Amino acid sequence: MNTKIEEIDGKYVATLEGEMDTAAAVEAEEVLKPIYNSNGKDVIIDCTNLEYIASSGLRILLSILKGAKASGSKVVMRGVNDDIKNVFKLTGFISIFEFE
């Protein structure tokens, strides 16, 4: 699992690559903590190279979304493949996240 955050054009861009299983989610959470409070900046979560996400990964994304909404920001999921989008559908997360 590879996770990184960049600030591009006034937005946070978090890139997730590989498999976010339970073990990898612990490490990813540490990397992503700075964007839990997005300080009014929108957040893009790039999942183009994300192959799998466990429930612990979904919890992290939900925490990011809650923090962003609290500061008036939005979270956009980018490049989500069909398998991961199905996980979002099964959990009901499809209706609370914005996708592009």
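What percentage of the 100 residues in the protein do buried residues make up? Hi everyone, let me start with the answer: 41% of them are buried. Please keep in mind that what you see above is a predicted model.

Let's begin with the overall picture. The protein has 3 helices and 5 strands, and if you read along the sequence, they come in the pattern β-β-α-β-α-β-α-β. Along its principal axes, the C-alpha trace spans about 30 × 25 × 20 Å. For 100 residues, a compact globule would have a radius of gyration near 13 Å, and the protein's 12 Å agrees with that. The accessible surface comes to about 5,300 Å², and carbon and sulfur atoms account for 48% of it. Now think about contacts between residues at least 6 apart in sequence: 69% of these join residues at least 24 apart.

On to the sheet. As general background, strands of a sheet pair through backbone hydrogen bonds, either parallel or antiparallel. Here, 5 strands form an open sheet with mixed pairing, in the order β1-β2-β3-β4-β5. At the edges you'll find β1, residues 2-8, and β5, residues 98-99, each of which pairs on one side only. Further in, β3 (residues 43-53) and β4 (residues 75-78) run parallel and are joined by 4 bridges. If you'd like one to look for, I45 has M77 in β4 as its bridge partner.

Next, the helices that go with this sheet. Helix α1, residues 22-32, packs on the sheet and touches β1 and β2. The direction of α1 makes about 165° with that of β2, which covers residues 11-20. Helix α3, residues 82-91, lies across β3, β4 and β5, and runs at about 105° to β3.

Both ends of α3 are worth a look. At its start, a side-chain oxygen of N81 reaches to within 3.0 Å of the backbone nitrogen of D83. After the helix comes G92, with a positive phi near 85°.

Finally, let's zoom in on one residue of helix α1, namely E29. Is E29 buried or exposed? Its relative accessibility is 18%, and buried means under 20%, so E29 counts as buried. Which residues does E29 touch, leaving aside those up to four places away in sequence? They are Y36, R59 and I60. With Y36 there is also a polar contact, side chain to side chain, at 3.3 Å.

That's the tour, so do have a look around the model yourselves. Thanks for listening!

Note on methods
Residues are numbered from 1 along each chain as its sequence is written. This is a predicted model: local features need pLDDT of at least 70, side-chain atom pairs count only at pLDDT 80 or more; totals for chains, interfaces and linings use all residues. Side-chain values use heavy atoms; hydrogens and water are left out. Two strands pair if DSSP finds at least two bridges between them. Helices (H or I, at least four residues) and strands (E, at least two) are DSSP runs, numbered from the N terminus. Contact means heavy atoms within 4.5 Å. Axes are lines fitted to C-alpha atoms, for helices over the stretch in contact, and angles run from 0 to 180 degrees between N-to-C directions. A polar contact is a pair of N or O atoms within 3.5 Å; within protein, one must be able to donate a hydrogen and the other to accept it, and residues adjacent in sequence count only if both atoms are side-chain atoms. The radius of gyration is taken over C-alpha atoms; the globule rule is 2.2 Å times the number of residues to the power 0.38. Buried means under 20% relative accessible area, exposed over 50%, partly exposed in between (1.4 Å probe, protein chains only). Accessible areas come from the Shrake-Rupley method with a 1.4 Å probe; for residues, only the protein chains shown count as cover.
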